[in-house]
Amino acid sequence: KGIEMGGGNRTLSEIAKEHLTNPLLILSGPNLAREVAQNLPAATTIAGDQGVSQRVAAMLHHSYFRCYTSEDTIGVQIAGALKNVLSIACGITHGMGLGHNAAAALLSRGLIEMRRLGLHLGATSDTFMGLAGIGDLVLTCSSELSRNFSLGIALGRGETLESILAKRVSVTEGVYTAKAIYELSNRLDFELPICEIVYRILYESLPIHEAFEQLAARPLTQEIY
């Protein structure tokens, strides 16, 4: 789940279509791998051609794994990418001990950033209210089983990015997606304040306290969804 770095900023499906001729489906949702492997109840979204996605959903469906279908491959991919960046931001607030109010504000405003970018790229609004949108966002921004959330917690407690990554054997997607989203937003001249702040913390060594002060100091506006 992510956006290509290096100027192209393509989604996974856009890259895959250059090399594959088979129908492409995107699976995404609030699905922590450990819990799925333990046969704990979960639900997911499979996006793509409806005929193909319905057949695959029927194959994967189980009493503990419910599958829904969608035609919005763009929205599902944008949601899956941005939620990792937003999860780092929410993890930082947790690590700093900033409280539940700050976390809720970041999550809700982050959802708006996710939706606005998705709509700009051709996604469907309803996608961001579903499993791949707010469902995955809430999970990833609240569970320490999330690699991105736990990385944010460590940053909020004062650890450096280098030291955190050196101790990990798995990939923390949000670190790389933050850079790709920053590149994409600049290319589109599209404002994504929370994602930009995460990028600046990760890649420009912006002090965390200063980062949150900058977010709070943004001009007051009417809340736009």
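Let me begin with Ile88 and its surroundings in this predicted model. Leaving aside residues up to four places away in sequence, Ile88 touches Asn148, Leu151, Gly152, Leu155, Gly174, Val175, Val198 and Leu202. Ile88 is also among the residues with the most contacts inside the largest nonpolar core, a list that further holds Ile92, Met114, Leu117 and Leu155. That core has 45 residues. Two or more residues each are contributed by helix 4 (73-96), helix 5 (100-120), helix 7 (147-156), helix 8 (161-166), helix 9 (173-188), helix 10 (193-203) and helix 11 (208-216). The greatest contribution is that of helix 4, with 11 residues. There is also a second, separate core of five residues, including Ile46, Ala57, Phe65 and Cys67.

I turn next to helix 7. How many of the 10 residues of helix 7 are buried? Nine of them are, so this helix is largely enclosed by the rest of the structure. The buried residues run through Asn148, Phe149, Ser150, Leu151, Gly152, Ile153, Ala154, Leu155 and Gly156. Among the elements that cover them are helix 4, helix 6, helix 8, helix 9, helix 10 and helix 11. Four of the names in this set, Asn148, Leu151, Gly152 and Leu155, have already appeared as contacts of Ile88. Just after helix 7, Gly158 adopts a positive phi of about 105 degrees.

The aromatic residues come next. The count of aromatic pairs is two. In one of them, Tyr182 and Tyr199 are stacked, at 3.8 Å centre to centre and with 5 degrees between the planes. This pair links distant parts of the chain, since Tyr182 belongs to helix 9 and Tyr199 to helix 10, 17 residues apart. Tyr199 counts as buried because its relative accessibility is 12%, and the cut-off for that class is under 20%. What, then, is the arrangement of the rings of Tyr199 and Tyr203? Their centres are 5.2 Å apart and their planes stand at 20 degrees; the angle is under 30 degrees, so this pair is stacked. Both residues lie in helix 10, four residues apart, which is about one turn of the helix. As a general point, an α-helix has 3.6 residues a turn, so residues three or four places apart point the same way. Tyr203, at 32% relative accessibility, falls between the 20% and 50% limits and therefore counts as partly exposed. Taken together, Tyr182, Tyr199 and Tyr203 form one aromatic cluster.

Let me now move to the pockets. The largest has a volume of about 670 Å³. Its lining comprises 20 residues, and those nearest its centre are Arg109, Pro193, Leu215, Arg218 and Thr221. Helix 5, helix 10 and helix 11 each give two or more residues to this lining. Helix 5 gives the most, with seven residues. By class, the lining of the largest pocket divides into 12 nonpolar, two polar and six charged residues.

The second largest pocket holds about 380 Å³ of space. It is lined by 19 residues, of which Asn31, Leu32, Ala33, Lys83 and Arg147 are the closest to its centre. Strand 1 (26-28), helix 2 (33-37), helix 4, helix 6 (131-140) and helix 7 each supply two or more of the lining residues. Here helix 6 gives the most, with three residues. The classes in the lining of the second largest pocket are six nonpolar, seven polar and six charged.

Finally, the interior space. How many cavities of 30 Å³ or more does the count come to? The count comes to one, and the volume of this cavity is about 30 Å³. Which residues line the largest cavity? They are Ala89, Ile92, Ile194, Ile197, Val198, Ile201, Phe212 and Leu215. Helix 4, helix 10 and helix 11 each give two or more residues to this lining, and helix 10 has the largest share, four residues. By class, the lining of the cavity has eight nonpolar residues, no polar and no charged. Two of its residues have been mentioned before: Ile92, with the most-contacted residues of the largest core, and Leu215, with those nearest the centre of the largest pocket.

Key. Residues numbered from 1 in each chain as written. Predicted model: local features only at pLDDT ≥ 70, side-chain atom pairs only at ≥ 80, totals over all residues. Heavy atoms only, no water. Core = buried A, V, L, I, M, F, W, Y, C linked by side-chain atoms within 4.5 Å. Buried < 20%, exposed > 50% of the residue type's maximum accessible area, 1.4 Å probe, protein only. Contact = heavy atoms within 4.5 Å. Phe/Tyr/Trp six-rings, centres within 6.5 Å; stacked < 30°, edge-to-face > 60°. 1 Å grid on protein atoms, 1.4 Å probe; cavity = no way out; pocket = protein on both sides within 12 Å on 5 of 7 lines; lining within 4 Å. Points joined across faces, edges and corners; volume = space filled by probe spheres on them. Nonpolar A, V, L, I, M, F, W, Y, C, P; charged D, E, K, R; others polar.
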